[in-house]
Amino acid sequence: MNLLDELRALGVDVDDGLKRVMGNEKLYTRLLGSFVKMIKGSEVAADFDASDCTETIEKVHAIKGTSGNLSLTPIYKAYNEMLGLLRGGQPEEAREILKKVIPVQNEIVACIEKNMNQ
């Protein structure tokens, strides 16, 4: 199985992602690599400060946008929901969603990394 097939199996809407880059698989793959670098530099930790979520909101917003542009559907949906909760003053509810998406996110990132290093 190649990268795109593996991502499909993980719930990523690869076909939509490819449409966004006019079918250019090479570009899409390169952007996936950029996503991995971005998420590693902007990870949202489950122990974020619930009393001041400003930085967390910024990170969540960035991840939501990038994952949406790449059609990384499971990540996008979770971060979109988290963003609404954080902006609505519900950090504990956002934290629960984060705890659920981190394993999925890690699996997608590991899949991309594994295929980029071949």
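**Exercise 1.** Determine which residue with a positive phi follows α5.

*Solution.* In this predicted model, in which local features need pLDDT of at least 70, side-chain atom pairs count only at pLDDT 80 or more, and totals for chains, interfaces and linings use all residues, α5 is followed by Gly89, whose phi is positive, near 75°. Residues are numbered from 1 along each chain as its sequence is written, and side-chain values use heavy atoms, leaving out hydrogens and water. Helices are DSSP runs of H or I with at least four residues, numbered from the N terminus.

**Exercise 2.** Establish on which side of α5 its buried residues lie, and what covers them.

*Solution.* Begin with the list: Ile75, Ala78, Tyr79, Met82, Leu83, Leu85 and Leu86 are the buried residues of α5, where buried means under 20% relative accessible area and exposed over 50%, with a 1.4 Å probe and protein chains only. Because they cover an arc of only 165° around the axis, they fall on the same side of α5, the arc being that of the directions from the helix axis to the C-beta atoms. Lys77 and Arg87, on the other side of α5, are exposed. The cover over the buried residues includes α3 (25-41), α4 and α6 (91-116).

**Exercise 3.** Locate Ser71 and describe its surroundings.

*Solution.* Ser71 sits in the loop between α4 (54-69) and α5 (73-87), and Ser71 is buried, at a relative accessible area of 4%. Leaving aside residues up to four places away in sequence, Ser71 touches Val12, Asp13, Asp16, Gly17 and Arg20, contact meaning heavy atoms within 4.5 Å.

Notes
Helix = DSSP H or I, 4+ residues; strand = E, 2+ residues; numbered from the N terminus.
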